[in-house]
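Open the structure in your viewer and keep the selection panel at hand. We will go from stop to stop.

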Amino acid sequence: MMVLKSSPMDIVPKIRLYQMEQNSVIRDLGRGVLRNAWDGYNSALFAYGQTGSGKSWSVIGYGSNKGIVPKFCEEMFRGIEDKRRSGDTTEFEVRISMLEIYNEIVRDLLNPGGDRKKRALNRAHTIVGIHLTQKARKGNGQETAKSSIVHLVDLAGRDSVLTRLLMNALGGNSRTIMIAAISPADINYEETLSTLRYADRAKQIKTVAIVNEDPTEKLIRELRQENERLKRMLDKGAIDVPIQPGMSEEEIFKLRKKWEEEMYAAMAENDRDLQQMKQSYDDKLKISRQQKRISKIEKEKKVRPHFTNLNFDPMLSGKIVHLLKAGENIVGKTDQADIQLLGPSIQERHAIVNYLEHGGVTLEKCQSECRILLNGDPLSARALLSHCDRIMFGTTQLYVFIHPDQMKKTGKKYPDVTYEMAQEEIASKAGISVDDDDQSLDTALLNKDLIEVLPGVEEANAISEELDKKLNLK
């Protein structure tokens with residue numbers, strides 16, 4: 001496999017062709033791409049040339065002769081581990097895609113359900129995309145982020161789909177390297193010359209790559225640099241004022257004083273802008289983190305058992321979610337509880353929820369005085385929970401249990417659990433009739449009022465007990 005290091009003789013005078021081993025390719029080319037990624041630049045490396053000239057050998061490799069893609073990934077993850085071991089608190093996020101374009105059709109090679117048929121001809125493009133995001137926190141608590149997109153491409157020609165996918169890599173915000181793979185055999189002369197000419201044309205493309213950072217963060221950094229520059233000038237007295245011929249010492253002094261005042265005013269304005277932008281940036285980061293946290297919870301809710309709250313205001317129901325971890329989950333008002341609940345009758349350690357290996361979830365009280373209602377009945381012993389069970393912790397913390405896997409396996413149609421439904425269930429188990437058909441209008445209205453005030457009565461009794469007032473409403 002030959003690799004182009006300059007242009008052919010009929011284009012420019014000198015050409016150097018030489019044999020490259022896999023280690024040489026990653027050392028001379030791949031590590032430069034990785035450095036660009038660490039620095040926050042988009043980067044691309046693509047191999048172009050005739051069939052059998054060594055493009056796939058360089059990019060992917062074969063067997064123990066690993067190409068740029070596996071070696072790049074190995075060194076990237078090794079670098080992440082080295083940074084972590086050295087105490088670096090930067091958070092790293094890596095996303096990898098591997099696409100193939102064959103006859104203008106894009107296939108995802110990392111999708112287990114995708115089409116992985118071998119091609120009869122080596123005329124398919126393979127594109128490995130690596131998205132690297134680095135999030136660091138400065139000493140003042142401010143979070144900064146750099147991102148880079150790396151494309152490693154085994155190129156079999158040009159087409160419209162490929163051009164769209166690699167728009168940044170081939171002509172935009174990217175530092176790009178091209179490997180021109182050619183054959184030394186004289187029978188491949190025409191194709192070799194064509195590849196070299198194409199490489200020369202590609203070499204004329206000029207890209208201007210910039211670090212991928214937040215524009216607000218960039219402006220904050222530039223304002224700080226400007227303030228530092230002005231401060232150094234003031235400290236050294238190196239203020240270059242426009243002195244006109246014939247100016248007196250007093251006039252020069254006044255002019256210099258005026259310029260100093262203007263520089264101090266500029267620094268003060270920069271500081272105000274910095275504070276405003278920093279506050280706006282911090283607010284934006286908080287919103288971004290909150291959105292990511294909500295998005296993560298919404299995703300995990302679909303697969304993990306959890307409790308979600310019920311509230312008399314329908315708009316507030318389902319807004320509190322407690323995801324269960326595997327094994328034991330402690331419910332209580334202590335800070336060390338896995339699920340912290342506050343309210344009347346909630347004990348330091350109130351309940352134990354056990355998420356078992358086979359997927360089942362059990363609920364039990366920590367102590368006999370801990371008040372828990374399961375579907376309206378007082379919980380007296382360990383119980384196996386079922387999807388849509390209603391649970392009251394203490395006297396005010398009302399939740400519904402959701403088990404996604406159980407719901408899918410049973411295939412049952414579950415009703416939407418509401419606050420009113422759960423409270424009617426509790427009232428019914430307490431002896432208050434909720435069946436309007438067998439009651440007079442006055443009795444039905446009275447029972448309806450009782451159901452509405454029952455939670456308040458329970459809460460008042462619990463508060464009275466905690467305050468040792470020895471008052472119990474019936």
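**Stop one: the largest core**

This is a predicted model. Start by selecting F72, I130 and L152: they have the most contacts inside the largest nonpolar core, a set of 22 residues. Next, select the elements that give two or more residues to this core. They are α1 (22-39), β3 (43-49), α3 (68-85), β8 (125-137) and β9 (143-154).

Now center on L152. Which residues is L152 in contact with, leaving aside its neighbours within four places in sequence? Show V33, L45, V59, I68, V69 and F72. Then add T126, I127, V128 and I130 to complete the list.

**Stop two: another core**

Apart from the largest core lies another one, of 20 residues. Select F307, Y355, L379 and F401, which are among them.

**Stop three: an open sheet**

Switch to a cartoon view. Six strands form an open sheet here, with antiparallel pairing. Follow the order β12-β11-β21-β20-β17-β18. Select β12 (321-323) and β18 (377-378): these stand at the edges. Each has a single partner strand, so one side of each is left without a neighbour in the sheet.

Move to β17 (residues 372-374) and β20 (residues 390-393). This antiparallel pair is joined over three bridges. Pick L373, and opposite it you will find M392 in β20.

**Last stop: confidence**

Color by pLDDT. The protein averages 78, and 73% of the residues score at least 70. Then select residues 1-19, where the pLDDT is below 50. Beyond near neighbours in sequence, this stretch has 44 contacts in the model.

Key
Residues are numbered from 1 along each chain as its sequence is written. This is a predicted model: local features need pLDDT of at least 70, side-chain atom pairs count only at pLDDT 80 or more; totals for chains, interfaces and linings use all residues. Side-chain values use heavy atoms; hydrogens and water are left out. Two strands pair if DSSP finds at least two bridges between them. Helices (H or I, at least four residues) and strands (E, at least two) are DSSP runs, numbered from the N terminus. A nonpolar core is a set of buried Ala, Val, Leu, Ile, Met, Phe, Trp, Tyr and Cys residues joined through side-chain atoms within 4.5 Å. Buried means under 20% relative accessible area, exposed over 50%, partly exposed in between (1.4 Å probe, protein chains only). Contact means heavy atoms within 4.5 Å. pLDDT is the predictor's confidence in each residue, from 0 to 100.
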